[in-house]
Amino acid sequence: MPEQEKKQGRMKYCLAEAMKRCMKKSPVEKITVKEIAEECGTTRQTFYRNFQDKYDLINWYFDKILQESFEHMGEGKTVYEGLVNKFHYIEEEKLFFRAAFKTDDQNSLREHDFRLILQFYTERIEEKTGRKLSEQMKFLLEMYCQGSIYMTVQWVLGRIKGTPEQIARSLVDAMPSQLEQMFRKLDLL
């Protein structure tokens with residue numbers, strides 16, 4: 001990896017850490033790019049060379065955490081195990097997620113999480129079946145992913161209680177039967 005890319009990667013992580021420190025003091029919607037840059041010890045121009053806005057930064061950082069979680073899923077692992085991994089990562093970064101999930105603004109983490117999870121499941125299913133999802137299965141998968149994100153947000157915000165394992169089990173148990181049958185047939189459950 002060229003030195004410039006490494007430097008840019010370090011700056012992105014520095015900005016993410018600065019954002020997390022800002023989140024301890026203010027809600028996401030009140031944090032400005034200027035505050036993030038100052039907290040990081042850099043300039044707004046540097047921020048904008050790396051991110052479009054604060055939500056782009058939050059989504060980038062979320063992608064990094066989620067990417068680690070998905071890497072642990074492995075080919076032989078189940079949806080349940082993947083969810084448990086994801087929830088353990090979320091637990092480690094609870095403050096970040098609590099602040100980020102509180103907002104529904106454009107480019108919000110909720111919408112980003114939905115798109116990533118839908119894409120992840122769609123790719124796993126299509127890879128294992130060798131064909132595109134039917135319209136009915138797309139509908140069920142989208143509905144399941146939306147509900148899954150909603151319940152994840154409720155858990156992160158402390159509105160429902162449970163360990164990562166309990167929340168993952170509840171989400172698997174809530175899967176629509178046709179989707180569950182497909183996931184079992186493909187050894188994803």
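Here's a quick briefing on a few helices and one buried residue. This is a predicted model, in which local features need pLDDT of at least 70 and side-chain atom pairs count only at pLDDT 80 or more, while totals for chains, interfaces and linings use all residues. Residues are numbered from 1 along each chain as its sequence is written, and side-chain values use heavy atoms, with hydrogens and water left out.

**Helix H2**
- H2 spans residues 33–40 (helices are DSSP runs of H or I, at least four residues, numbered from the N terminus).
- Val33, Ile36, Ala37 and Cys40 of H2 are buried (under 20% relative accessible area, 1.4 Å probe, protein chains only).
- These four sit on the same side of H2, because they cover an arc of only 95° around the axis (taken from the directions from the helix axis to the C-beta atoms).
- Just after H2 comes Gly41, with a positive phi of about 80°.

**H6 against H7**
- The axes of H6 (residues 94–101) and H7 (residues 109–129) come within 8 Å and cross at roughly 105° (lines fitted to C-alpha atoms over the stretch in contact, angles from 0 to 180 degrees between N-to-C directions).
- That makes H6 and H7 roughly perpendicular (65 to 115 degrees).
- Phe97, Ala100 and Phe101 of H6 meet Leu109, Arg110 and Asp113 of H7 (contact means heavy atoms within 4.5 Å).

**Val156**
- Val156 is found in H8 (residues 135–156) and is buried, with a relative accessible area of 0%.
- Leaving aside neighbours within four places in sequence, Val156 is in contact with Ile90, Lys94, Phe97, Arg98 and Phe101.
- Gly41 and Val156 are 115 residues apart in sequence and 30 Å apart in space, C-alpha to C-alpha.

Methods: Buried means under 20% relative accessible area, exposed over 50%, partly exposed in between (1.4 Å probe, protein chains only). Helices (H or I, at least four residues) and strands (E, at least two) are DSSP runs, numbered from the N terminus. Angles under 35 degrees count as roughly parallel, over 145 as roughly antiparallel, 65 to 115 as roughly perpendicular and the rest as oblique.
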